[in-house]
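Please load the model in your viewer and display the backbone together with the side chains. The tour proceeds by selection, one stop at a time.

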Amino acid sequence: MLKQFETHFKTLGYREPTAIQTAVYEPLASDHNVLGLAPTGSGKTVAFTLPALANLLPGDGTQLIVLEPSQELAIQTSRVMRDWAKLLDLQVLVLTGGANVKRQTERLKKRPEVIVGTPGRVLNLVTDRKLKLHLVSLLIVDEADDLLTGETLDTVRSIAQAAPADVQLGFFSATDTPILHELDQWFGQTVERIDVREQDQTQGVVRHGLLQVGMGKRDQMLKRLLALPNFRALVFFKQASTLRHTATKFYHEHVSAASLTSDLRQVQREKALQDFRQGRIRLLLTTDVAARGLDIPKLPAVINYDLPTQVNEYVHRVGRTGRMGEPGQVISLGDDHDLRDLKKLLKETDYELVPLYFNGRALSTERPVAAKKTSVATPVANRTTAQAPTETPVAKPQQRQSRTGSNAVPVPTPTKKKKHKNRHSKNKGMRKKWRDRDTQK
């Protein structure tokens, strides 16, 4: 390691290199093609940054290309590399989709030594002859298990073919996939495989919990989790439509949350991520666009709003917490059927999935016990023998008594209601009386 790097390494507070940083330094510095496999949060970015920068010549044009799967990860990687590159007077430029192409083209004229970008934008600039790769000596493919799939695989291969035939290749990933065993066939070069996933000790203690809750109550559950002290979480959705519905609902209810999706402008995505990192918002709602590589220091929790359907998805999601020795909590939401499927999916892994419950204002692994109802008996004075319960007689309507006696209880005789005579009846009687009087005369 260069002396400048050793000094800066100590300045950043690092005690010793991680397993992947130690394992790949010499092979990369010696122009070997490398595949580096290490857990999430183990320092893979620094692992390829130090040996890659050590071989670059300042002012000699673009010599290093680093490909990332998302805008966020490209920006994050460029910041890390720029921090080390300034020690050697090297320039780093970010090329991502969604940014202004004309502005990027103008910055390319300054001939930066390092390019960090997304494959689509890099290939477009190469095709338009705005970016020339004839001096490139090293091509790094980060998150290789994701980039080497589907159409992106063809894009990465096209970029490699546009570089010199003897370009050095570096692939890095946290999970192993079949294509990573076929790199020689796809890229025409022998690649040295370095796997330190078993030796790495950077992962903190992460608890993996299952919280049973139906789809209709998951938004309410997120708000309940916010009542926990110092709680922040990255919340993963499967469908962007579900995410937008929850984000809109939280916006009107003034819940401390923001969304990070691929359809947002780059400025909006950067602001949401920055606000979350600095604690201005407590929930960051996202799809798997943020599942890979994002480094959020001391992130307390990851929530699976929608459960992943592949093991690699789960690995990369939960890798956002428990990084560099910090503790973490994973909370997977779902009904009984969903959680049962997740257990089957992860049965071959080392993850220990434990049911979670709300106990007061805290999450607990113990099921809450309902309070028992106790009946209080009314004491009976001087009870000597058990008596059968007696039924209380139901009072019946009293009947009029026809006899009298000392023990008889007089019952008042109901009075007849006086019949009302209308005016016509009264006059009719008076007319009869007058006729009788006239007859007597």
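The stops below cover a charged surface patch and then two residues with unusual backbone angles. Please bear in mind throughout that this is a predicted model.

**First stop: the positive patch**

Select Arg79, Arg82, Arg103, Arg107 and Lys110, which together form a patch of positive charge on the surface. Next, colour helices α4 (71-85) and α5 (101-108), the elements that each supply two or more residues to this patch. Then centre the view on arginine 79, which lies in helix α4. How exposed is arginine 79? Its relative accessible area is 44%, and arginine 79 therefore counts as partly exposed, a class that lies between the limits of 20% and 50%.

**Second stop: asparagine 230**

Before moving on, recall that most residues other than glycine have a negative phi. Now select the loop between α10 (218-225) and β9 (233-236), where asparagine 230 is found. Although not a glycine, asparagine 230 has a positive phi of about 55°. Is asparagine 230 buried or exposed? With a relative accessibility of 75%, asparagine 230 is classed as exposed, because the cut-off for that class is over 50%.

**Third stop: histidine 254**

Finally, move to the loop that connects α11 (240-252) and β10 (257-260) and select histidine 254 within it. What is the sign of phi at histidine 254? The angle is positive, near 60°, and the residue is again one other than glycine. A surface display may be added here: histidine 254 is exposed, at 74% relative accessible area.

Methods. Residues are numbered from 1 along each chain as its sequence is written. This is a predicted model: local features need pLDDT of at least 70, side-chain atom pairs count only at pLDDT 80 or more; totals for chains, interfaces and linings use all residues. Side-chain values use heavy atoms; hydrogens and water are left out. Patches are made of residues with over 30% relative accessible area and no salt bridge: like charges are joined within 9 Å, nonpolar side chains (Val, Leu, Ile, Met, Phe, Trp, Tyr) within 5 Å. Accessible areas come from the Shrake-Rupley method with a 1.4 Å probe; for residues, only the protein chains shown count as cover. A salt bridge is a side-chain nitrogen of Lys or Arg within 4 Å of a carboxyl oxygen of Asp or Glu. Lys and Arg count as positive and Asp and Glu as negative; His and the chain ends are not counted. The place of a charge is taken as NZ of Lys, CZ of Arg, CG of Asp or CD of Glu. Helices (H or I, at least four residues) and strands (E, at least two) are DSSP runs, numbered from the N terminus. Buried means under 20% relative accessible area, exposed over 50%, partly exposed in between (1.4 Å probe, protein chains only).
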